[in-house]
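Let's practise reading a protein model together. Take a look at the structure below, then try each exercise before you read its solution.

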Amino acid sequence: MAAAAAAVRAAEELAEREMAGRDASHDAAHALRVRDLALSLAAELGLSSSPDRLLIVEIAALLHDIEVELEQGQREEIVAIIKGMGFKNEVSKKSVVEPTLEFAIVQDADRLDAIGAIGNMNKCSVFESFPKTPAGIARCFTYGGSKKNTLHDPKILPRDNLSKEKYMSKDEKQTSINHFHEKLFKLKDMMKTEAGKKRAEKRHKFMEDFVAEFYEEWSGRA
């Protein structure tokens, strides 16, 4: 137990150190929220009696590409979860990780933090091999502002049927509002656990209402 607690604290400290100074779209608070969501989902899915599995869920949720001193098997599983949870992997229809329950929990938690009122948009990672690209309302516009992106331009339409390459491309000018159509509205149906699906429903509806109101106000109808 002491070793597990030490590993968790080390992961928290590393996440806080690596994310220090980043804008609010991808700061340490995101990692902590994802960890809390993941542990809550894990409890709902019956993992509370499995401390070893909970440790994997918690460390993987906290870290992007940083490892701590763990047993070799645990370290390999955590790295596999991190490498496989990106949205781009499902866009390409290619799985890069064995879909374990631990993987599903961490991925659902990360995606839940990408939708709803807070949300997240992050295309940066310490190493490119571990890209993370979730986005949502507050964090989407925070990130867009930091990149000087346009809020909305009716001439720039959302891209349909995105390939992995097109999704990752930075050549095309995009708007913050288009990201709802290109990704955020798709995440609800990509949840892997029943607990994640249930929570995603409310957050998805909140985003739908927000975008509808956004268009009404943009057009001057509201």
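**Exercise 1. Sort Lys 197 and its salt-bridge partner Glu 194 into buried, partly exposed or exposed.**

Keep in mind that this is a predicted model.

Step 1. Lys 197 has a relative accessibility of 34%. Buried would need a value under 20%, and exposed a value over 50%. Lys 197 therefore counts as partly exposed.

Step 2. Now turn to Glu 194. Its relative accessible area is 57%, so Glu 194 is exposed.

Step 3. Side chains of opposite charge can pair when their charged atoms come close. In the bridge between Glu 194 and Lys 197, the closest N and O atoms are 3.4 Å apart.

Step 4. Where do the two residues sit in the chain? Both belong to helix α10, and because they are three residues apart, about one helical turn separates them.

**Exercise 2. Find out which residues are linked with Arg 9 and Glu 12 in a network of salt bridges.**

Step 1. Start with the pair itself: the side chains of Arg 9 and Glu 12 form a salt bridge of 2.7 Å, N to O. Both residues lie in helix α1, three residues apart, or about one turn of the helix.

Step 2. Check how covered they are. Glu 12 is buried at 13% relative accessibility, while Arg 9 is partly exposed at 38%.

Step 3. Look at another salt bridge, where Arg 35 and Asp 36 meet at 2.9 Å, N to O. Arg 35 is buried, with a relative accessible area of 10%, and Asp 36 is partly exposed, with 44%.

Step 4. Put the network together: Arg 9, Glu 12, Glu 13, Arg 35, Asp 36 and Glu 58 are its members. The whole structure has 14 salt bridges.

**Exercise 3. Describe how helix α1 packs with α2.**

Step 1. Begin with the geometry. The angle between α1 and α2 is about 145°, and their axes are 8 Å apart.

Step 2. List the residues that touch. From α1 come Val 8, Glu 12, Ala 15, Glu 16 and Met 19, and from α2 come Ala 28, Ala 31 and Arg 35.

Step 3. Sort them by class: five are nonpolar, three are charged and none is polar.

**Exercise 4. Work out where Phe 141 sits and which ring it pairs with.**

Step 1. Find Phe 141 in helix α7, which spans residues 137-146. Phe 141 is one of the buried residues of this helix, together with Ile 137, Arg 139, Cys 140, Tyr 143 and Gly 144.

Step 2. See what these buried residues pack against: helices α2, α9 and α10.

Step 3. Now for the rings. The structure has eight aromatic pairs. In one of them, Phe 141 meets Phe 180 with 6.1 Å centre to centre and 40° between the planes, a tilted arrangement. This pair links distant parts of the chain, since Phe 180 lies in helix α9, 39 residues apart from Phe 141. With a relative accessible area of 0%, Phe 180 is buried.

Step 4. Widen the view to the aromatic cluster, formed by Phe 141, Phe 180, Phe 185, Phe 210, Phe 214, Tyr 215 and Trp 218.

**Exercise 5. Summarise the whole protein.**

Step 1. Count the secondary structure: 10 helices and zero strands.

Step 2. Note the burial: of the 222 residues, 49% are buried.

Step 3. Finish with the surface. About 11,200 Å² is exposed, and carbon and sulfur atoms supply 53% of that area.

Methods. Residues are numbered from 1 along each chain as its sequence is written. This is a predicted model: local features need pLDDT of at least 70, side-chain atom pairs count only at pLDDT 80 or more; totals for chains, interfaces and linings use all residues. Side-chain values use heavy atoms; hydrogens and water are left out. Buried means under 20% relative accessible area, exposed over 50%, partly exposed in between (1.4 Å probe, protein chains only). Helices (H or I, at least four residues) and strands (E, at least two) are DSSP runs, numbered from the N terminus. Contact means heavy atoms within 4.5 Å. Rings of Phe, Tyr and Trp (its six-membered ring) pair if their centres lie within 6.5 Å; planes under 30 degrees apart count as stacked, over 60 as edge-to-face and the rest as tilted. Axes are lines fitted to C-alpha atoms, for helices over the stretch in contact, and angles run from 0 to 180 degrees between N-to-C directions. Ala, Val, Leu, Ile, Met, Phe, Trp, Tyr, Cys and Pro count as nonpolar, Asp, Glu, Lys and Arg as charged, and the others, Gly among them, as polar. Accessible areas come from the Shrake-Rupley method with a 1.4 Å probe; for residues, only the protein chains shown count as cover. A salt bridge is a side-chain nitrogen of Lys or Arg within 4 Å of a carboxyl oxygen of Asp or Glu.
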